[in-house]
Amino acid sequence: MRICGFNKTTLLDYPGKVASTIFLGGCNFRCPFCQNGILVVAPGEQPDYSQEELLTFLKKRKGILDGVCISGGEPTLSDGLEEFLGKIKELGYAVKLDTNGSRPKIVKHLAEAGLIDKVAMDIKACPDNYGNLTGIEKPDMDSIFETADFLLHGNLDYEFRTTVVRELHTQKDFEEIAGWLAGAKEYYLQAYKDSDGVLRPGYGSYTFEELQNFQKILQKTILSVGIRGID
Ligand code: SF4
């Protein structure tokens with residue numbers, strides 16, 4: 001496990017909680033719009049925080065913080081994740097896992113072991129468009145479907161979310177996602193923001209009004225659909 005980044009306090013990453021976010025290096029996708037590009041392609045060049053350092057910090061902050069968000073990269077690829085989460089849970093924290101959904105067995109195992117309290121799963125696009133959005137020629141959609149199904153039909157708290165990129169998404173994506181995730185309880189459209197940290201910078205965002213149109217499409221089958229990232 002390589003802990004490449006650590007945000008001591010956030011009110012955004014774990015909705016409803018005052019949390020810390022831990023960023024684990026490495027990912028099996030190459031989403032061109034990825035905001036953490038360096039963490040994905042060159043995790044070895046990033047800082048490497050020790051688990052002890054973070055656990056000591058979390059121990060001291062008990063009572064001030066109440067959640068820990070495990071993000072990446074793709075955290076389910078990291079060796080030793082289960083043991084690390086066990087130590088965080090021993091401190092009494094709620095844990096939210098951010099995942100691209102490519103490793104359903106790990107997500108299920110962590111949930112069944114009581115090591116995660118919430119999952120935020122990226123929905124990159126409609127299934128046909130996943131290759132373009134993940135930078136992978138043939139993404140394993142069966143695994144993505146399995147993770148989404150587990151969340152849709154299980155007891156674990158979750159949210160689905162899509163970073164919406166003008167050049168990569170069309171209305172068809174949201175019409176198909178509405179069918180795929182019908183009955184979901186919580187979904188967020190996140191406006192893409194360009195920055196130097198993006199894997200392939202230069203993309204644009206949809207306007208708020210355009211995102212609202214996608215929101216209306218999703219609201220036909222999904223209970224709660226929010227928009228994030230518009231100032
Ligand atoms: S957006 Fe997420 S899944 Fe895609 S490359 Fe970045 S860390 Fe990996």
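Okay, one definition before we start: when I call two helices roughly parallel, I mean that the angle between them is under 35 degrees. Keep that in mind, and keep in mind too that this is a predicted model.

Let's put that definition to use on α4 and α6. Their axes are 8 Å apart, and the two helices pack at an angle of about 25°. That angle falls under the 35-degree limit, so α4 and α6 are roughly parallel to each other. Who's doing the touching? On the α4 side we have P104, K105, V107, K108 and A111, and they meet S143, E146, T147 and F150 in α6.

While we're here, have a look at D142. This residue sits in helix α6, which covers residues 141–153. Is D142 buried or exposed? Exposed, because its relative accessible area is 58%. If you go from D142 to P104, you cover 38 residues in sequence, but C-alpha to C-alpha the pair is 9.5 Å apart in space. And P104, remember, is one of the α4 residues that meet α6.

Just ahead of α4 there's a residue I want to spend a minute on, and that's S102. You'll find S102 in the loop between β4, residues 94–99, and α4, residues 104–112. S102 counts as buried, because its relative accessibility is 14% and the cut-off for buried is under 20%. So what does S102 touch, once we leave aside its neighbours within four places in sequence? The list is N28, F29, E74, S143 and I144. S143 should ring a bell, since S143 is also among the α6 residues that meet α4.

The S102 side chain has polar contacts as well. One goes to the side chain of N28, at 2.8 Å. Another goes to the side chain of N100, at 2.7 Å. So N28 turns up twice for S102, in the contact list and as a polar partner.

Next, the other helix pairs. Take α2, residues 51–60, and α3, residues 81–90: the packing angle is about 20° and the axes are 10 Å apart. That makes α2 roughly parallel to α3. As for handedness, α2 passes α3 in a right-handed crossing. The residues that meet are Q51, L54, L55 and L58 from α2, with F84, K87 and I88 from α3.

Two glycines belong in this part of the tour. G44 lies in the loop between α1, residues 37–41, and α2. G44 is exposed, because its relative accessible area comes to 57%. G44 and G26 are 18 residues apart along the chain, with 8.8 Å between their C-alpha atoms. The other glycine is G73, in the loop between β3, residues 67–71, and α3. What kind of peptide bond joins G72 and G73? It's a cis one, with omega at about 10°. Worth rotating to that spot on your screen.

On to the last pair, α7 and α8. Helix α7 is residues 171–180 and helix α8 is residues 208–219; their axes come within 8 Å and cross at roughly 20°. That makes α7 roughly parallel to α8. Here too the crossing is described as right-handed, with α7 passing α8. From α7, the residues Q171, F174, E175, I177 and A178 meet F214, I217 and L218 in α8.

Also in α8 is Q219. Q219 counts as partly exposed, because its relative accessibility is 41%. Y187 is 32 residues away from Q219 in sequence, and the C-alpha atoms of the two are 9.3 Å apart.

One more residue, N129. N129 is in the loop between β5, residues 118–122, and α5, residues 130–134. With 10% relative accessibility, N129 counts as buried. Not counting residues up to four places away in sequence, N129 touches L168 and D173. The N129 side chain also makes a polar contact with the side chain of N132, at 2.9 Å. For a longer reach, take S78: 51 residues along the chain from N129, with 27 Å between the C-alpha atoms.

Finally, the annotation. An unreviewed UniProt entry puts "domain: Radical SAM core" on residues 13–228. Over those residues, 13–228, the chain is 34% helix and 19% strand. How far apart are the end C-alpha atoms of that stretch? They're 12 Å apart.

That's my tour, happy to go back to any of it.

Technical notes
Residues numbered from 1 in each chain as written. Predicted model: local features only at pLDDT ≥ 70, side-chain atom pairs only at ≥ 80, totals over all residues. Heavy atoms only, no water. Helix = DSSP H or I, 4+ residues; strand = E, 2+ residues; numbered from the N terminus. Buried < 20%, exposed > 50% of the residue type's maximum accessible area, 1.4 Å probe, protein only. Contact = heavy atoms within 4.5 Å. Polar contact = N/O pair within 3.5 Å; in protein donor to acceptor, adjacent residues only side chain to side chain. UniProt positions renumbered as here; feature names shortened; annotations may be inferred. Axes fitted to C-alpha atoms, helices over the stretch in contact; angles between N-to-C directions. Parallel < 35°, antiparallel > 145°, perpendicular 65-115°, else oblique. Left-handed = near helix turned anticlockwise from the far one by under 90°.
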